[in-house]
Amino acid sequence: MKLTQRVICFLLLFLGWVAPSSLFADPGVALFKKKQCALCHNIHNPGTVFAPVCPGLQGVRYRHNKDWVRQWLKDPTAVWATNDANVQDINARYFRYRGSKPKPRESFMATIIGKKVVLTDEEIEALIDYLWKL
Ligand code: HEC
């Protein structure tokens, strides 16, 4: 084998070894689909777009801190009930998008995720790692 052929063979082997591990390394991507987040959330929309009813998750790290998102994914019902600044901010964005005045409403996420989807602490951390890259 010529040297160039050897080099090409080596490069192909190296890529075959490196590419799959780097492409599938983010467990948050898989979880986002598996746990049905992708049914409601569009990762390309900004947080001001609620299409059809859920905020886009682009730049979510600028709207909340990790601790808040951790609690939110663990127990959205409880977090929603606190009506803290983060909840009020979501509501303000929601009603601005719909062009109507803010009024009390239920959390859509709490009614679905809160009842059906249970996330472990590890899953929540993986999801947050992923969300923090959006
Ligand atoms: C049933 C639809 C639905 C599903 C499924 C869902 N969400 Fe949500 N999510 C919402 C809605 C609607 C809001 C806005 C608050 C509310 O009404 O509950 C929200 C809010 C959020 C926020 C705050 C966004 C912001 O801009 O302030 C984050 C972060 C989030 N969801 C992450 C997730 C993750 C991660 C999953 C998957 C485990 C998920 N959501 C699954 C509907 C959903």
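## Contact of H2 with H8

In this predicted model, helix H2 brings Pro27, Gly28, Val29, Leu31 and Phe32 against Glu123, Ala126, Leu127, Asp129 and Tyr130 of helix H8. Sorted by character, the residues of this contact comprise seven nonpolar, one polar and two charged.

Two packed helices are described by the angle between their axes and the distance between the axes. H2 spans residues 27-34 and H8 spans residues 121-131; the two pack at an angle of about 105°, and their axes are 8 Å apart. H2 is therefore roughly perpendicular to H8, since angles of 65 to 115 degrees are counted in that class.

## Surroundings of the ligand

The shell around the ligand holds 25 residues, of which Cys37, Cys40, Ser107, Phe108 and Met109 come nearest. By character, this shell divides into 18 nonpolar residues, five polar and two charged.

Several helices contribute to the shell around the ligand. At least two residues each are supplied by H3 (37-40), H4 (66-74), H7 (108-116) and H8. The largest share belongs to H7, which provides five residues. H8 thus appears in two settings: it supplies residues to the shell around the ligand, and it packs with H2.

## Helix H6 and the residue after it

Helix H6 covers residues 85-98, 14 residues in total. From its first C-alpha to its last, H6 reaches 20 Å, close to the 20 Å expected at 1.5 Å a residue.

Glycine 99 follows H6. The phi of this glycine is positive, near 70°.

How values were computed
Residues numbered from 1 in each chain as written. Predicted model: local features only at pLDDT ≥ 70, side-chain atom pairs only at ≥ 80, totals over all residues. Helix = DSSP H or I, 4+ residues; strand = E, 2+ residues; numbered from the N terminus. Expected span 1.5 Å × (residues − 1). Axes fitted to C-alpha atoms, helices over the stretch in contact; angles between N-to-C directions. Parallel < 35°, antiparallel > 145°, perpendicular 65-115°, else oblique. Contact = placed C-beta atoms within 7 Å. Nonpolar A, V, L, I, M, F, W, Y, C, P; charged D, E, K, R; others polar. Near = placed C-beta within 6 Å.
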